[in-house]
Amino acid sequence: MAEQEDAPLFQLTKRVREAVSLINALDESKLSVVVKRLVKGVGTKSESVFSEGELEQLQEHLSLTSAELDTVLEACSFFLERSAYHVVKAPDLSAHLQAAGVAQTHARAFSAVWQSEAPELLQRLRSAQLSGIPALQHVDWALHLQAASSSQTKVAEPRVVMNLNLSTAEDDRKLLPMEFTHEQLKAFLDRLDLAQKQLDALS
């Protein structure tokens, strides 16, 4: 999904501000190693890409408490997930990180990892199968108009009725009816257009 121009990519919550302060205190080369490892976990169901033993070593290596390490890893994962969702380019990511308060050297180190790892990650996300989610097979639609009656001065607002024909991997068939006014349909199509742009960026 394309981010609106000049809109911040990262919400500056209290948690994020705390994480940024901790990140800026790290050696950027060590940060790069951590980020590169975290990229492997984006889009997966694994709770952590680090084992308990590795977390203990990281804590000592980075001179952080257990809570501080959790904050740093959580924030870095958040930055990566947002970047993947919005298909952010490396230079833009660096700018967004700096806007969030990350030091320039650290933002560049982070975005350098993103530059090298993002193509494989985005390809993996694009190829991932969404099990259990119905696939759209066909769309039927009709325009409904209500004729004016003696108690009405004008024709009621026209509405579009769509029937989405869905199927699952188990070949279950479902029909999802949707009704839109003109404004609702326009908003819906705008969202589809944004989704199409993101798919084009992943291709």
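Arg37 and Glu54 form a salt bridge in this predicted model, and their closest N and O atoms are 2.9 Å apart. Arg37 belongs to helix H2, residues 28–39, while Glu54 belongs to helix H3, so the contact ties together parts that are 17 residues apart in sequence. Both ends are partly exposed: Arg37 has a relative accessible area of 31%, and Glu54 has one of 27%.

This pair is part of a wider set, for the count of salt bridges comes to six. Another of them joins Glu74 to Arg15, with the closest N and O atoms 3.0 Å apart. Here distant parts of the chain are linked, since Glu74 sits in helix H4 and Arg15 in helix H1, residues 14–24, at a separation of 59 residues. Glu74 counts as partly exposed at 43% relative accessibility, and Arg15 is partly exposed at 36%.

I turn next to the strands. Arg159 and Glu179 meet through their side chains in a salt bridge, at 3.6 Å from N to O. Arg159 is in strand E2 and Glu179 in strand E3, residues 173–180, which places the partners 20 residues apart. Arg159 has a relative accessible area of 32% and is partly exposed; Glu179, at 47%, is also partly exposed. Finally on this topic, Lys36, Lys40 and Glu117 are joined into one network by salt bridges that share partners.

Let us now consider the backbone. Most residues other than glycine have a negative phi. Which residue has a positive phi of about 60° although it is not a glycine? That residue is Ser63, found in the loop between helix H3, residues 52–61, and helix H4, residues 66–85. Val87 likewise has a positive phi, near 50°, and its place is in the loop between H4 and helix H5, residues 90–99.

Are these two loop residues buried or exposed? Ser63 is exposed, with a relative accessible area of 64%. Val87, by contrast, counts as buried, because its relative accessibility of 18% falls under the 20% limit.

I close with the surface. Trp141, Leu143 and Leu145 make a nonpolar patch of about 400 Å² there. Of these residues, Leu145 lies in the loop between strand E1, residues 135–144, and strand E2, residues 159–167. Leu145 is exposed, because its relative accessible area of 59% is over the 50% limit. Strand E2 thus appears twice in this account: it follows the loop that holds Leu145, and it contains Arg159, the partner of Glu179.

Notes:
Residues are numbered from 1 along each chain as its sequence is written. This is a predicted model: local features need pLDDT of at least 70, side-chain atom pairs count only at pLDDT 80 or more; totals for chains, interfaces and linings use all residues. Side-chain values use heavy atoms; hydrogens and water are left out. Patches are made of residues with over 30% relative accessible area and no salt bridge: like charges are joined within 9 Å, nonpolar side chains (Val, Leu, Ile, Met, Phe, Trp, Tyr) within 5 Å. Accessible areas come from the Shrake-Rupley method with a 1.4 Å probe; for residues, only the protein chains shown count as cover. A salt bridge is a side-chain nitrogen of Lys or Arg within 4 Å of a carboxyl oxygen of Asp or Glu. Helices (H or I, at least four residues) and strands (E, at least two) are DSSP runs, numbered from the N terminus. Buried means under 20% relative accessible area, exposed over 50%, partly exposed in between (1.4 Å probe, protein chains only).
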